[in-house]
Amino acid sequence: MASKPPPPSRAAAEDTATAQQSTVKTAERTYPFISRREIEALISEGRHIIIVDQYVLKVDAWVKYHPGGDKAIKHMIGRDATDEVNGLHSPEARAQMNRYRVGRISGRWKNFLPPIQGGKFRPRGEEGEEWEEESPEIRARAANYDEDTSFGSSSFASQAASTESESSRTPSPAPSPVFDDGESAPELNQLRARSNARSKSAVSRSDSFTSISSIEDEKASAKGADGGPRDGMAHLDALTRQEIRLDLDKYPPLDEGTQDTVIRKYRELNERIKAEGLYDCNYVAYAIEGFRYTLLFCGCLLFLKWGWYVPSAFCLGSFWHQLVFTAHDAGHMGITHHFHVDTVIGIIIADFIGGLSLGWWKRNHNVHHIITNSPEHDPDIEHLPFFAISHRFFTNLRSTYYDRVMEYDIFAKFFVSLQHYLYYIIMMFARLNLYRLSWEYLLKGQAPKHGPAWWHRHLELVGQVFFWCWFGYGIMYKAIDGNWNRFVFFMISHAVTSPLHVQITLSHFAMSTSDLGPHESFPQRMLRTTMDVDCPEWLDFFHGGLQFQAIHHLYPRIPRHNLRKTQKLVQDFCNDVGIPYALYGFVEGNKHVIGRLADVARQAAILRKCQQTIVDGSIGHSHAH
């Protein structure tokens with residue numbers, strides 16, 4: 001007798017019910033096919049057009065109401081946003097999007113580069129070929145180099161991908177390596193060599209794709225091909241080109257067939273995850289979390305009553321550190337999967353108890369999830385003047401998130417030159433910057449004023465006042481005697497939260513920051529720019545799910561207590577499609593982050609030498625005349 005199939009999980013059943021309701025609501029309406037040229041013309045007129053499940057959505061009316069902020073939508077204009085939308089939104093939210101459908105597309109969609117990222121669109125009636133640039137970075141960095149003419153075209157990434165696919169790549173790529181801190185360097189190189197057997201050459205393990213130390217030393221870097229002084233920008237351009245080459249060698253090619261396969265298997269894995277119930281929240285685990293939070297806060301109050309300010313501050317800092325993990329879950333609707341319920345949970349934790357704005361975090365974090373590790377667009381790596389994890393920050397980049405130029409000024413040059421030494425010191429005070437960003441978000445009106453989230457800002461403002469009443473007045477002023485004791489308590493309680501900021505940056509600072517253009521699939525970009533941290537299961541409470549950032553970036557709404565169970569499935573997926581799954585131990589991961597910071601600091605020193613060499617040469621030339 002054939003066995004009965006297992007019953008669907010709660011999350012899978014809810015998804016099916018919502019999809020059926022959506023089908024009933026939209027079955028009466030048919031949508032016309034809209035040509036690619038028409039979509040391009042609409043975008044040139046300022047329309048916000050995205051593609052979801054083969055439907056054309058015009059979301060102009062929704063942009064200012066989007067709870068996740070307008071920037072996240074702007075990065076999806078002209079793109080197939082199916083995976084991003086499905087990953088970051090509940091079934092109910094996805095069903096609501098149907099009201100913005102205006103048409104359908106025929107066949108496979110080829111992504112445009114969004115206007116916010118520099119894409120160009122022909123107005124209606126204008127003749128000429130479609131602008132097919134891969135990305136602004138590739139166009140700007142790939143031309144006019146003598147050292148490698150095969151990569152000197154304006155379509156660098158696509159040309160390289162085509163070359164790879166026509167050469168030694170095989171239809172069935174070798175298994176993906178898993179990088180861990182317990183392996184020796186030769187073993188790691190062998191693993192990557194096997195992973196890249198389809199490439200012309202293996203790429204050795206590196207914590208930074210921007211390093212050129214194995215190719216040229218500082219003296220050679222400061223000189224051009226003719227032995228004369230090399231322009232500083234030419235040096236940075238060479239670094240950018242090398243980043244792209246390394247990524248193209250290491251990851252699957254960008255041709256349509258390969259990327260479509262990655263996307264198909266990624267979606268199949270999502271269905272398997274739903275079927276196995278991994279989207280269902282483990283509320284018993286949250287009961288244990290709640291007990292730990294209560295214990296820490298009671299310890300803070302008890303030590304405070306006894307006048308033991310240092311252990312009290314330590315307990316409070318640990319309390320904040322642990323609470324953030326649940327606020328993160330709530331922000332992704334990973335607890336109840338209900339938008340307003342999870343938002344209220346997140347606001348109570350983040351604003352009322354922690355003094356941080358959940359709305360600011362959502363606006364920031366959604367962009368981070370969509371355009372991860374892009375120096376121009378991802379706010380989670382835009383930390384000048386204190387940190388630069390890519391040489392591209394030396395060029396006064398304009399942040400599309402903050403709408404300002406990130407000046408590489410005298411202060412930035414000072415901090416970046418020492419960033420690998422100052423990293424942990426600055427992390428001790430990173431929470432202070434989050435206070436600033438939270439108030440900036442709430443007071444500057446960046447939160448939605450209408451739509452379903454209109455009232456969230458008002459609740460957050462109440463929460464901020466409540467926080468500074470209980471913490472600022474109740475504890476800092478009333479419960480602690482003496483200004484020195486207050487200062488010590490404040491500093492210790494905030495410094496204790498520093499592991500959280502290390503954990504947040506650990507997953508991305510050492511990973512690739514190169515831009516491979518708009519045709520790279522969502523899952524490949526997430527795995528290329530994110531790494532996981534290996535730790536024993538009993539330490540999961542300390543990392544709070546942040547040790548599974550690669551998995552989380554692929555499937556953001558999976559509750560964190562299920563991420564470890566999902567890890568094996570994601571590893572199998574990576575092996576299947578040939579995408580390296582980056583996994584480091586906590587100590588090893590920290591070493592690679594410090595190595596990346598030191599490497600960028602070294603590049604800054606090389607740039608200064610290049611510039612000084614040119615200045616000295618100019619002065620000598622003028623004296624000769």
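Here is a short walk through the chain, from its overall make-up to two of its loops.

The model you are looking at is predicted. Its protein chain holds 26 helices and 7 strands. Of the 625 residues in the chain, 55% count as buried. If you take the contacts with a separation of 6 or more, 73% of them join residues that sit 24 or more positions apart. Turning to the outside, the accessible surface of the protein chain comes to about 27,100 Å², and carbon and sulfur atoms supply 60% of that area.

Let's stay on the surface for a moment and look at a nonpolar patch. Ile425, Met428, Phe429 and Leu432 together make this patch, which covers about 300 Å². To find Met428, go to the loop between α17 (419-427) and α18 (430-443). Met428 has a relative accessible area of 33%, so this residue counts as partly exposed.

Now for a second loop, further along the chain. Gly545 lies between α23 (540-543) and α24 (549-554). Is Gly545 buried or exposed? With a relative accessible area of 9%, Gly545 is buried, because the cut-off for that class is under 20%. What does Gly545 touch, once its neighbours within four places in sequence are left aside? The contacts of Gly545 are then Asp540, Arg560 and Leu563. You can also trace the spacing from Gly545 to Arg564: the two are 19 residues apart in sequence, while their C-alpha atoms are 8.5 Å apart in space.

Seen side by side, the two loops offer a nice pair to inspect: Met428 is partly exposed, whereas Gly545 is buried.

Technical notes
Residues numbered from 1 in each chain as written. Predicted model: local features only at pLDDT ≥ 70, side-chain atom pairs only at ≥ 80, totals over all residues. Heavy atoms only, no water. Patch = residues over 30% accessible without salt bridge, like charges linked within 9 Å, V, L, I, M, F, W, Y side chains within 5 Å. Areas by Shrake-Rupley, 256 points an atom, 1.4 Å probe, with all protein chains shown as cover. Salt bridge = Lys/Arg side-chain N within 4 Å of Asp/Glu carboxyl O. Helix = DSSP H or I, 4+ residues; strand = E, 2+ residues; numbered from the N terminus. Buried < 20%, exposed > 50% of the residue type's maximum accessible area, 1.4 Å probe, protein only. Contact = heavy atoms within 4.5 Å.
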